[in-house]
Amino acid sequence: MNNAPASPPVGAAASVESRWASPEMRARIRRRYGAERRFKAVGLIAVLMSVGFLAFLLGTMAWSGLSGFSQTRVALPVDFRGSGLSIDASSMTKAEAMAALNQQGLGDLLQLSATSAYGAQGESYFGTAAKESAAAAIYDDPSMLQRQVELVLPATSPIDVAAKGEGDAASEAAVARLEAADKLSSGLDTTFLSSADATDPTVAGIWGALKGSLLTMLVTLALAFPVGVLAAVYLEEYAPKNRLTDIIEVSINNLAAVPSIIFGLLALALFINAFGLCQGSPLVGGLTLALMTMPVIVIAGRNAIKAVPPSIRDAALGVGASRVQVVFHHVLPLALPGILTGTIIGMARALGETAPLLLVGMRAFVGGTPDGLCSSATVLPMQIFLWSDEVDRGFVENTSTAIIVLLIVLLSMNAAAIILRNRFEKRW
Amino acid sequence: MSGLAIVLMLFGLGLIAWLSGRARAAQLERVTPAAAVRPHSRPQYHGWYVALWTILPALAFLSVWSALSPGLAVQAVLADPAAASLPDNEFVRSAIIGEARQLATGQIAQGFNPQSAALVEPFRTAISRYSTIGVVIALILAFAGAAWSFTRLKRDFRARTRVERVVMLLLLAASLVAILTTFGIVFSLLFESIRFFDRVPVTDFLFGTHWSPVSGNEDPDLFGAIPLFWGTILIGAVIAMIVAIPLGLMTAIYLTQYAPARVRSWLKPTIEVLAGVPTVVYGFFAALTVGPALRSLADALGIAGASSDSALAAGLVMGIMIIPLVSSMADDSIAAVPSAMRDGSLALGATPSETIRKVLIPAALPGVMGGVLLAVSRAVGETMIVVMAAGQSANLTGNPFSSVTTVTVQIVKLMTGDQEFESAKTLAAFALGLVLFIVTLMLNIVALRIVKRFRESYE
């Protein structure tokens, strides 16, 4: 068809016939198709690079963090006979027994046994974690105080790091010796999830930070969810078109884009300096994050309410419902899955937030679990930040392990949001 | 009695009020013959009416009282004979009183100032006296409200209208929280910044090139913020965008124009995960992995002044974080271009890539630009990545391998050191916050306006 035009071309420009089979034309087509392939390849590379970054990021964290769930242990023969240690396991609680053992010189006994078993440097193999673990073992089986036993105790941070292959030369040599003597073992670190922050990386855990996060999120949810949903209902269903409504809309849209650290400055000036609320507590942290999360919930809520078809409202009004009844009996229940999806996503963002909490005093070292809304606390991302500043190699591993826990929590929240949306959201 | 217990008790009373109001209305409905006109409101609205009258006045009183009573308690303590020996110096006196309050409420166990110990007992009695007064008045209000509203219940009482009016007020109040927050931000930043600019002139702050605030020193020459602005621009607007714009744009193009629907439905959420990773994780990644790697790269290349907390490390990682934002904005803009333009170009014989480059991108450019501006605003306000990876020294340098500092890093640094609220050093953080707020606000307004105009042009 192309080679043989049916009618002679009209006009001067068309008088030169396109010869599609000519070498120039073919070369040009080839060039254009080559450009097409290259462009597509560049696009694919961009996508792969983005996904690759994500994989690399998650891989690095998993690689250096998963070992944090395991704990290096060293066997230690201890002769309790004549040590003078005694507890009354039937009447003492575990904490009391551990305190009593500490007072009676359990630590010294362990160090003594370590030196006699492994020479002068044996002292450096066992620290606080070993002492606590030994005390717990004695509490579980007090009869061992009458004989000689071999305890398997968690090693100190240098030994632990060296056993996982990143320690200094001296610790590496010690690990090699222990390994040759078959005294080294490893097991699941159960204390990491159940203990609070500590100065010794083998004892430090994330339970304190997790509980702080939980309390903070509780405050955030309790404030941001009702206020956000009510504001969304007002703006979408009742707000008259006037100046005030415009100002409300503009400020909500702007708040959603304000850098999070600005909320920290606001919270510092308002909640701590003006109202005198307890500094560094889940209460203040939760209030700060609630201010940040509220606009997210309002925007998600408005979209969900907007998606409910007007026929539902008309039908309800038609059978005599009042305007308030229409919304609270019909529109809100139908919009609820969408609102909840937005709320979960907003809460996930708040859970990962660190910057504003730095300013309201949640940066301090907290060695216990928070027991109330007004007690000093830290949150999970803050714990990651604090540990990342530590010099001890053991804390690098702790940081990565805490990151894994945080990412698992966040990913499951997002997955829950997606499931909620797919399962319950109606398409009208 | 603690505040939470009082509020819980009020809500318990509210529940009783709701139940009794509803029962009363049901009884009223029954006694008159069924043939009569039906009552205006269902019984539960009568219940709500009584419950609201029980809870709301008492709650309103309690919130006013909790703001007033600390001041009253301090006055009572000052009137106590134990307070006669307090020093005249206003500042010292308020410090002692504050400490005594913390001792009395159990926030601290040990006082710093010996005089505060003597005031603990008077403080404790004053606080407990005023809280008892508050609880009693709140209870009286609750019972009075309940009794009054209960007597108003009649068969034809329009309880629903009244309850709905309260609901509307509640909805309006919830919406006003957003305005209050905005005003709170603006006023707290402005107020503290003005106090800062009393000590350090605005021009010295905005145009000075030397930044090294020291406690107690209010020399304006130390508060020149240009190095911070430059560092922020270098990391957030230059390096991060060099990473995020090409990757984000090409990702959007590939996903919308080339990828099969199934692949797209998997890849898009995967890339969105990048936006969901907490910034503290990116910061740790930048500080632990990217920073040292770039430093050894710079050393291998022989670049002088390389630092392991370099602008490049923070900027690169920030760019990765921003990719999903740029990509989704570009995605939306390309999707908004009418398909007739694309189809026309393809029908004329242009290849897909020619269509994209010569037709779709020029047509979608305003939307993409809006997205880029939003991304810049996001990058400029980002804190954790730069705090952990970008260093603290205020250098005015163009070398991406050297260490620079940003506005957000300095805010954190100024606010987490020694906390004396009155010093110019602390107030400087609010001035920096004000600049950051204004810049991000402008970027957002301009970006949203561009995007809106772009959408309208194709409607």
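The following exercises, with worked solutions, concern a predicted model.

**Exercise 1.** Determine whether helix α13 of chain A, residues 323–351, is straight or bent, by setting its span against that of a straight helix.

*Solution.* Begin with the expected value: at 1.5 Å a residue, a straight helix of 29 residues would span 42 Å. Next take the span between the end C-alpha atoms of α13(A), which is only 36 Å. Then look along the helix for a change of axis direction: α13(A) bends by about 50° at A:L336, and the proline A:P337 follows within four residues of that position.

**Exercise 2.** Find which residues stand opposite A:R73 in β2(A) and in β3(A).

*Solution.* Start with strand β1 of chain A, residues 70–79, which pairs in the antiparallel sense with strand β3, residues 184–188 of chain A, over five bridges. Within that pairing, A:R73 has A:S185 as its bridge partner. Turn then to strand β2 of chain A, residues 148–154, with which β1(A) also pairs in the antiparallel sense, here over seven bridges; in β2(A), the residue opposite A:R73 is A:P154.

**Exercise 3.** Describe the side of chain B that touches chain A by its residue count, its main contributor and its composition.

*Solution.* Count the contacts from both sides: 67 residues of chain B are in contact with 66 residues of chain A. Among the elements of chain B, helix α5, residues 159–199, gives the most to this side, with 19 residues. Sorting the residues of the side by class finally yields 43 nonpolar, 21 polar and three charged.

Technical notes:
Residues are numbered from 1 along each chain as its sequence is written. Chains are lettered from A and ligands numbered from 1 in the order in which they are written. This is a predicted model: local features need pLDDT of at least 70, side-chain atom pairs count only at pLDDT 80 or more; totals for chains, interfaces and linings use all residues. Helices (H or I, at least four residues) and strands (E, at least two) are DSSP runs, numbered from the N terminus. The expected span of a helix is 1.5 Å times one less than its number of residues. The bend at a residue is the angle between axes fitted to the seven residues ending there and the seven starting there. Two residues are in contact if their C-beta atoms, placed from the backbone, lie within 7 Å. Ala, Val, Leu, Ile, Met, Phe, Trp, Tyr, Cys and Pro count as nonpolar, Asp, Glu, Lys and Arg as charged, and the others, Gly among them, as polar. Two strands pair if DSSP finds at least two bridges between them.
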